[in-house]
Amino acid sequence: MEKSIEAIWKEGFLNEKSLVAPKINDLYNQKSMHLVDKMIRMFRANLTVIIITAIVFPVIHYFLDVLWQGMAASVLLLLTAWYNKRQIDSIKTLDQGTTSLDYLKSLDRWLKEVLLKSEKIARFSYPLYILIAISTIWSAWEKQGLTLKIHQKFPNLIAIGDLQVFAIIIAGATVLLMFLFAAKIYKWEVRLMYGRVFGKLAETITEMENLKH
């Protein structure tokens with residue numbers, strides 16, 4: 001029968017043969033429990049923000065008279081929320097091992113795999129967000145007559161339909177740049193949001209392993 005996480009914490013991160021003082025053992029078990037709880041709370045808070053944004057976006061875009069772009073962004077956000085929810089739920093299936101140290105190491109491996117997968121997804125989702133943002137801006141300008149004014153002021157600009165070629169080139173270059181730098185931007189966002197807690201996880205594992213040896 002699998003042990004619950006709480007049972008692992010109670011059992012400690014070292015086996016009975018270890019010579020580490022029980023108070024230190026208890027201290028690190030408490031520290032580990034606090035760290036994992038904090039990490040899960042942060043993941044859930046981020047998930048909540050994504051869902052709220054997915055609900056608010058169509059409303060804002062409705063008032064900007066660009067509802068379709070808002071709906072597209074909302075669908076993309078909801079897909080992201082669905083994927084993140086699945087990842088959070090998968091924490092329950094982690095190999096819990098026999099000690100809290102085993103569990104933390106299993107969590108660290110899981111974290112690295114999830115971040116690698118999310119980085120690959122970001123390469124495609126981030127350019128899509130940029131494309132939707134460009135479409136939103138362009139549609140808003142068009143409805144305000146700004147694109148017509150540009151056409152009247154620069155009549156010699158080459159256009160394909162209602163779109164000036166220079167605008168298509170700028171949009172294409174922006175989307176391409178986002179595709180190329182999406183992974184770096186995603187890593188920067190992760191460091192910004194979770195850098196401290198992820199660093200604490202690595203630090204705690206190192207400290208517990210040093211005590212074990």
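Let's start from the outside: the accessible surface of this chain comes to about 14,100 Å², and 66% of that belongs to carbon and sulfur atoms. Keep in mind as you look around that this is a predicted model. Of the chain's 213 residues, buried ones make up 35%.

Now for the layout. The chain holds 6 helices and 2 strands, and if you read along the sequence you meet them in the pattern α-α-α-α-α-β-β-α. How do the contacts spread over the sequence? Take those between residues at least 6 apart: 75% of them join residues at least 24 apart.

Next, head for the interior. The largest nonpolar core is made of 33 residues. Met-39, Phe-43, Trp-110, Phe-198 and Leu-201 are the ones with the most contacts inside this core. Which helices feed it? At least two residues each come from α2 (22–63), α3 (67–89), α4 (100–143) and α6 (165–212). Helix α6 gives the largest share, with 10 residues. As background, nonpolar side chains tend to be buried together in soluble globular proteins.

Leu-201 is a handy place to stop and look around. Setting aside neighbours within four places in sequence, Leu-201 is in contact with Leu-35, Met-39, Leu-104, Leu-107, Asp-108 and Leu-111. One of these partners, Met-39, is also among the residues with the most contacts inside the core.

For another view of helix α6, try Thr-174, which is found there. Is Thr-174 buried or partly exposed? Its relative accessible area is 32%, so Thr-174 counts as partly exposed, the class between under 20% for buried and over 50% for exposed. Beyond its neighbours within four places in sequence, Thr-174 is in contact with Ile-130 and Ile-134. Ile-134 is 40 residues away along the chain, yet the C-alpha atoms of Thr-174 and Ile-134 are separated by 9.2 Å. What about the polar side of Thr-174? A polar atom of its side chain lies 2.7 Å from the backbone oxygen of Ile-170.

Finally, come back out to the surface. Ile-51, Ile-52, Ile-55, Val-56, Ile-60 and Leu-64 make a nonpolar surface patch of about 510 Å². Val-56, one of that group, is found in helix α2. Why can Val-56 be counted as partly exposed? Its relative accessibility is 36%, so Val-56 falls between the 20% and 50% limits. Helix α2 therefore has a residue in this patch, Val-56, while α2 also supplies at least two residues of the largest nonpolar core.

Methods:
Residues are numbered from 1 along each chain as its sequence is written. This is a predicted model: local features need pLDDT of at least 70, side-chain atom pairs count only at pLDDT 80 or more; totals for chains, interfaces and linings use all residues. Side-chain values use heavy atoms; hydrogens and water are left out. A nonpolar core is a set of buried Ala, Val, Leu, Ile, Met, Phe, Trp, Tyr and Cys residues joined through side-chain atoms within 4.5 Å. Buried means under 20% relative accessible area, exposed over 50%, partly exposed in between (1.4 Å probe, protein chains only). Helices (H or I, at least four residues) and strands (E, at least two) are DSSP runs, numbered from the N terminus. Contact means heavy atoms within 4.5 Å. A polar contact is a pair of N or O atoms within 3.5 Å; within protein, one must be able to donate a hydrogen and the other to accept it, and residues adjacent in sequence count only if both atoms are side-chain atoms. Patches are made of residues with over 30% relative accessible area and no salt bridge: like charges are joined within 9 Å, nonpolar side chains (Val, Leu, Ile, Met, Phe, Trp, Tyr) within 5 Å. Accessible areas come from the Shrake-Rupley method with a 1.4 Å probe; for residues, only the protein chains shown count as cover. A salt bridge is a side-chain nitrogen of Lys or Arg within 4 Å of a carboxyl oxygen of Asp or Glu.
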